[in-house]
Amino acid sequence: MKKIQIFLSLITVLTLLVDQSAQAQIGRRWSPQAKDATIGAGIGGAAGAIINKRNRVVGGVIGGVIGGATGYAIGKHTDNKRKEAARVAEANRVAAEREANRVAEANRVAAEREANRAAEQSAVARANAERAPAKATEGVNKAVRASGPVAVMATAPAATATAYTAPAGPAPTVLKSGYLPNDTYGDQTAPYGMSPYRRKSW
Amino acid sequence: MTIMKSVISALLVIGMASACSKPSEAVNVQELNQQFIGAWNNKDADKINALLADDVHFLQGNAHYKGKSEVADKWVKSTLSSLSDLKTNVVSSAADSQTAYEAGTFSVDVAPAAANEPRGFGEGNFILLWKKGADMTWKLSYAQLEDLPVQVKN
């Protein structure tokens with residue numbers, strides 16, 4: 001009985017020593033295989049020594065080998081599960097990052113398109129503003145021709161007032177893209193009232 | 001022998017009757033459209049309007065005009081002055097005794113809308129559908145245009 005106690009104490013001490021030295025050598029967390037193999041070897045060794053009453057040493061060795069192998073298998077399984085979880089997490093992270101990049105790119109393109117559209121609208125508005133006074137002046141001239149000198153005095157201030165509303169710089173009659181501006185832009189009843197370009201040709 | 005003679009006589013009568021009734025001929029849709037396009041190029045509004053059916057439909061972009069007077073006013077009258085050298089390229093065409101159509105692409109020169117604006121060049125897709133009316137004359141029943149943006153003509 002005393003021999004058994006000594007033997008078990010020896011195995012425990014050896015297990016602890018192996019454990020500590022291994023940790024010291026690696027300097028980091030144990031792998032699940034190593035940890036479970038060590039635990040299995042310790043338990044198996046102890047159990048083998050207890051079970052084999054005729055030869056404690058042989059029993060301990062056999063138990064240790066079997067326990068170690070079993071522990072390694074369990075540890076490997078744990079390690080595989082952990083690696084799979086890490087792989088899934090990494091894949092999710094990459095997918096989330098890609099989605100975030102895609103959304104950012106889409107937002108950037110939309111903002112750019114909106115800015116271009118606003119610029120085109122501004123150009124169309126200026127072109128229309130330029131045309132409006134010209135048409136008004138034309139109308140005034142027609143009225144002058146029809147009504148004579150009295151109408152000139154009556155309509156001149158109106159024409160002058162209209163002329164002052166024109167923008168200072170030259171209005172673009174052609175959009176940057178090489179298309180003509182739509183003078184019915186914003187008119188819902190016109191065939192292509194929502195297009196900043198002129199579309200109606202026939 | 002008597003039966004044989006009567007059968008032959010009956011066959012002859014049927015044959016002559018079928019030869020006399022001519023099958024109704026399909027209209028020459030190319031000629032109809034040439035008249036129509038020619039009227040546009042000659043700026044002949046009366047000729048164009050005469051070719052429109054009373055219940056004509058005209059679709060262009062988000063506009064849908066119904067009836068001869070609305071189409072004549074909002075399409076023909078408002079477009080005729082700014083258009084010249086209208087050409088069509090027919091992609092699909094068919095005709096029978098009651099309906100005929102031509103569809104394809106068109107190109108046209110666009111007069112400047114303002115004095116300081118350059119001339120334009122327009123292209124697009126079209127379909128012109130003709131139907132024979134009760135008075136046996138062919139009229140434009142449906143027209144649909146899809147215009148592309150008007151480019152500056154160099």
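Read along the sequence, chain A follows the pattern α-α-α-α, and its secondary structure comes to 4 helices and 0 strands. Helices (H or I, at least four residues) and strands (E, at least two) are DSSP runs, numbered from the N terminus. The structure is a predicted model, in which local features need pLDDT of at least 70, side-chain atom pairs count only at pLDDT 80 or more, and totals for chains, interfaces and linings use all residues. Residues are numbered from 1 along each chain as its sequence is written, while chains are lettered from A and ligands numbered from 1 in the order in which they are written.

Confidence in chain A may be considered next. The predictor's confidence in each residue, from 0 to 100, is called pLDDT. Chain A has a mean pLDDT of 74, with 64% of its residues at 70 or more. Among the elements of this chain, helix 2 (residues 32-51) has the highest mean pLDDT, 87, and helix 4 (residues 149-164) the lowest, 40. Across residues 139-168 of chain A the pLDDT is below 50, and this stretch has 18 contacts in the model beyond near neighbours in sequence. Two residues are in contact if their C-beta atoms, placed from the backbone, lie within 7 Å.

Of the 202 residues in chain A, 22% are buried. A residue is buried if 20 or more other C-beta atoms lie within 10 Å of its own, exposed if 12 or fewer, and partly exposed in between, with C-beta atoms placed from the backbone. A:Ala49, in helix 2 of chain A, counts as buried because 25 other C-beta atoms lie within 10 Å. The C-alpha atoms of A:Ala49 and A:Gly59 are separated by 4.7 Å, although the two residues are 10 apart along the chain. For chain A as a whole, 55% of the contacts with a separation of 6 or more join residues 24 or more positions apart.

Chain B contains 4 helices and 7 strands. From the N terminus on, its elements run α-α-α-β-β-α-β-β-β-β-β. Buried residues account for 23% of its 154 residues. Among the contacts in chain B with a separation of 6 or more, 51% are between residues 24 or more positions apart.

In soluble globular proteins, nonpolar side chains tend to be buried together. A nonpolar core is a set of buried Ala, Val, Leu, Ile, Met, Phe, Trp, Tyr and Cys residues joined through C-beta atoms within 7 Å. The largest such core has 28 residues, of which B:Leu32, B:Phe36, B:Val71, B:Leu128, B:Trp130 and B:Leu140 touch the most other members. The elements giving two or more residues to this core include helix 4 (68-80) and strand 5 (120-132) of chain B. Helix 2 of chain B supplies the largest share, 5 residues.

Two members of the core deserve attention. Leaving aside neighbours within four places in sequence, B:Phe36 is in contact with B:Ile48, B:Leu51, B:Leu128 and B:Leu140. B:Trp130 lies in strand 5 of chain B and is buried, because 24 other C-beta atoms are within 10 Å. With the same neighbours set aside, the contacts of B:Trp130 include B:Val29, B:Leu32, B:Tyr101 and B:Leu140. The C-alpha atoms of B:Trp130 and B:Leu140 are 4.5 Å apart, with their positions 10 residues apart along the chain counted as separation.

Finally, the two chains meet. The contact takes 17 residues from chain A and 26 residues from chain B. The side of chain A that touches chain B has 9 nonpolar, 3 polar and 5 charged residues. Here Ala, Val, Leu, Ile, Met, Phe, Trp, Tyr, Cys and Pro count as nonpolar, Asp, Glu, Lys and Arg as charged, and the others, Gly among them, as polar.
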